[in-house]
Amino acid sequence: MQCSLLNRLPKAGKLHNSYNCAKPFPHAVLQDVFDPKLLRKISDEIDQDISSWKELPHRKYVFNKFVCDEPTKFRYSTKELIDELQSKSFCKWIEKLTGYR
């Protein structure tokens with residue numbers, strides 16, 4: 001990834017109090033965290049592969065959901081973002097933000 005996600009995130013400690021005090025439930029709004037070029041690449045990858053994904057019909061929503069439960073099917077940019085979101089360092093950032101382990 002050109003720019004590490006953690007380099008684009010604000011310091012979790014600075015957001016902790018506003019996260020906890022947010023109404024109607026604890027949450028944080030993060031802007032400009034994901035590189036738009038990367039997101040476009042991921043969107044293109046998914047568009048190319050969506051036919052091999054499973055469609056999950058849902059009575060509650062107008063659109064069905066699609067899921068890919070085989071990580072080997074992910075292309076480079078998609079896998080890279082998922083790997084970063086599942087990384088130990090990102091999980092530690094989330095722990096600092098939320099106060100949960």
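**Exercise 1. In which helix does Thr 98 lie, and what surrounds this residue?**

Solution. The structure is a predicted model.

Step 1. Thr 98 lies in helix H5, which covers residues 88-98.

Step 2. The relative accessible area of Thr 98 is 13%. Buried means under 20%, so Thr 98 is buried.

Step 3. With residues up to four places away in sequence left out, Thr 98 touches His 16, Tyr 19 and Asn 20.

Step 4. A polar atom of the Thr 98 side chain lies 3.1 Å from the backbone nitrogen of Tyr 100.

**Exercise 2. Compare the expected span of helix H3 with the distance between its end C-alpha atoms.**

Solution.

Step 1. Helix H3 consists of residues 36-49, which is 14 residues.

Step 2. The expected span is 1.5 Å times one less than the number of residues. For H3 this gives 20 Å.

Step 3. The end C-alpha atoms of H3 are 20 Å apart, which agrees with the expected span.

Step 4. At the start of H3, the backbone nitrogen of Lys 37 has a side-chain oxygen of Asp 35 within 3.1 Å.

**Exercise 3. Sort residues of H3 into buried and exposed, and say how they are placed around the axis.**

Solution.

Step 1. The buried residues are Leu 38, Ile 42, Glu 45 and Asp 49.

Step 2. These residues cover an arc of only 60° around the axis, so they are on the same side of H3.

Step 3. A general rule helps here. An α-helix has 3.6 residues a turn, so residues three or four places apart point the same way.

Step 4. Lys 37, Arg 40, Asp 47 and Gln 48 are exposed, on the other side of H3.

Step 5. Helix H4, residues 76-85, is included in what covers the buried residues of H3.

**Exercise 4. Which residues of H4 are buried, and against which helices do they pack?**

Solution.

Step 1. Ser 77, Thr 78, Glu 80, Leu 81 and Glu 84 are buried in H4.

Step 2. Viewed down the axis of H4, these buried residues fall within an arc of 165°, so they line one face of the helix.

Step 3. The buried residues of H4 pack against helix H1 (5-8), H3 and H5.

**Exercise 5. How many salt bridges does a search of the whole structure find? Describe three pairs, including how accessible the partners are.**

Solution.

Step 1. The search finds four salt bridges. A salt bridge needs a side-chain nitrogen of Lys or Arg within 4 Å of a carboxyl oxygen of Asp or Glu.

Step 2. One of the pairs is Lys 54 with Asp 69, whose closest N and O atoms are 2.6 Å apart. This pair links distant parts of the chain: Lys 54 is in strand S1 (residues 54-56), while Asp 69 is in the loop between strand S2 (65-67) and H4, 15 residues apart. Lys 54 is partly exposed at 44%, and Asp 69 is partly exposed at 46%.

Step 3. Another pair is Asp 83 with Lys 79, with the closest N and O atoms 3.0 Å apart. Both residues lie in helix H4, four residues apart, which is about one turn of the helix. Asp 83 has a relative accessibility of 38% and Lys 79 one of 40%. Values between 20% and 50% count as partly exposed, so Asp 83 and Lys 79 belong to that class.

Step 4. Lys 73 also forms a salt bridge with Glu 70, the closest N and O atoms being 3.6 Å apart. Lys 73 is partly exposed at 32%, and Glu 70 is partly exposed at 38%.

**Exercise 6. Which residues make up the largest nonpolar core, and which elements give two or more of them?**

Solution.

Step 1. The core has nine residues: Leu 5, Leu 9, Ala 12, Leu 15, Tyr 19, Val 33, Phe 90, Trp 93 and Leu 97.

Step 2. Helix H2 (12-21) and H5 are the elements that give two or more residues to this core.

Step 3. Leu 15 is one of the core residues. Neighbours within four places in sequence aside, Leu 15 is in contact with Pro 10, Leu 30, Trp 93 and Leu 97.

Step 4. In soluble globular proteins, nonpolar side chains tend to be buried together.

**Exercise 7. Describe the backbone at Pro 24 and at Asp 32.**

Solution.

Step 1. Pro 24 is in the loop between H2 and H3. A cis peptide bond, with omega about 5°, joins Lys 23 to Pro 24.

Step 2. Asp 32 is also found in the loop between H2 and H3. Asp 32 is not a glycine, yet its phi is positive, at about 55°.

Step 3. Asp 32 has a relative accessible area of 66%. Exposed means over 50%, so Asp 32 is exposed.

Technical notes:
Residues numbered from 1 in each chain as written. Predicted model: local features only at pLDDT ≥ 70, side-chain atom pairs only at ≥ 80, totals over all residues. Heavy atoms only, no water. Buried < 20%, exposed > 50% of the residue type's maximum accessible area, 1.4 Å probe, protein only. Arc of directions from axis to C-beta. Contact = heavy atoms within 4.5 Å. Polar contact = N/O pair within 3.5 Å; in protein donor to acceptor, adjacent residues only side chain to side chain. Core = buried A, V, L, I, M, F, W, Y, C linked by side-chain atoms within 4.5 Å.
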